[in-house]
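I opened the file to look up how the strands pair. The entries below follow the order in which I checked things.

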Amino acid sequence: QAVAGGGHAGLHAALKAGLLHHSALLIDRGPKYSRSYYAPKMDNIPGFPEGISGHKLLDQQIAALRGESERVTYVTPATLTRAQRTVDGFEVEFEWLRQVKTVRSRVLVLALGVVDRMPQIAGKIDAVFPWANMAIVDFCLFCDGHDMPGRSIAVLGHDAYTARLALDL
């Protein structure tokens with residue numbers, strides 16, 4: 001199987017394939033592209049009752065994946081450029097080390113994650129990251145919403161989505 005995306009879901013899908021004695025190719029832009037890489041503490045991960053940083057969890061998952069290197073090929077940094085259905089599966093094209101590679105796979109797992117709606121300050125998003133890294137800015141209602149009761153919060157935005165998010169919180 002081919003797995004596109006090296007966040008928690010993609011790493012787990014590739015690892016599970018290896019553990020089930022299937023071969024897999026994991027195409028990953030790199031851990032820094034996973035939204036949880038920047039999470040200072042994740043409280044909703046089974047097996048970590050005290051919480052774990054997203055960075056540490058990714059490190060542990062990558063180490064486990066490397067233990068299955070006989071069956072799982074971890075290609076990083078790589079970018080998926082095309083995926084097309086074929087008669088017997090999929091043809092997947094990706095760029096790796098400035099080379100375009102093509103593989104065929106019976107299965108394609110798209111573990112491409114969620115794109116955060118990043119607030120812009122003065123037209124830039126860079127100003128938000130230091131605050132996010134200090135756990136002052138949260139992006140995910142599902143991941144971080146349980147931490148909000150009793151806290152003063154602000155929801156940044158200007159559309160119906162923002163209003164619904166504020167009401168949910």
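Which residue in S5 does Leu80 stand opposite? I looked it up in this predicted model, and the residue facing Leu80 is Phe94.

Entry on S4 and S5. I took residues 78–86 as strand S4 and residues 89–96 as strand S5. The two run antiparallel, and I found eight bridges joining them. I also noted a second opposed pair, with Ala78 standing opposite Trp96 in S5. Between S4 and S5 there are two residues, and the strands form a hairpin.

Entry on S5 and S6. I followed the chain on to strand S6, residues 99–105. S5 and S6 are antiparallel and are joined by seven bridges. Here I picked out Glu91, which has Arg104 in S6 opposite. S5 and S6 make a hairpin too, with two residues between the strands. I checked the backbone of Leu97 in this hairpin and read a positive phi near 50°.

Entry on the sheet. How many strands does the open sheet have, and in what order? I listed three, in the order S4-S5-S6, with antiparallel pairing. I then asked why one side of S4 and of S6 is left without a neighbour in the sheet. Both strands stand at the edges and each has a single partner strand, so one side of each stays unpaired in the sheet. Last, I looked up the twist, which averages 20° from one strand to the next.

Background note to myself: strands of a sheet pair through backbone hydrogen bonds, either parallel or antiparallel.

Conventions
Residues are numbered from 1 along each chain as its sequence is written. This is a predicted model: local features need pLDDT of at least 70, side-chain atom pairs count only at pLDDT 80 or more; totals for chains, interfaces and linings use all residues. Side-chain values use heavy atoms; hydrogens and water are left out. Two strands pair if DSSP finds at least two bridges between them. Helices (H or I, at least four residues) and strands (E, at least two) are DSSP runs, numbered from the N terminus. Axes are lines fitted to C-alpha atoms, for helices over the stretch in contact, and angles run from 0 to 180 degrees between N-to-C directions.
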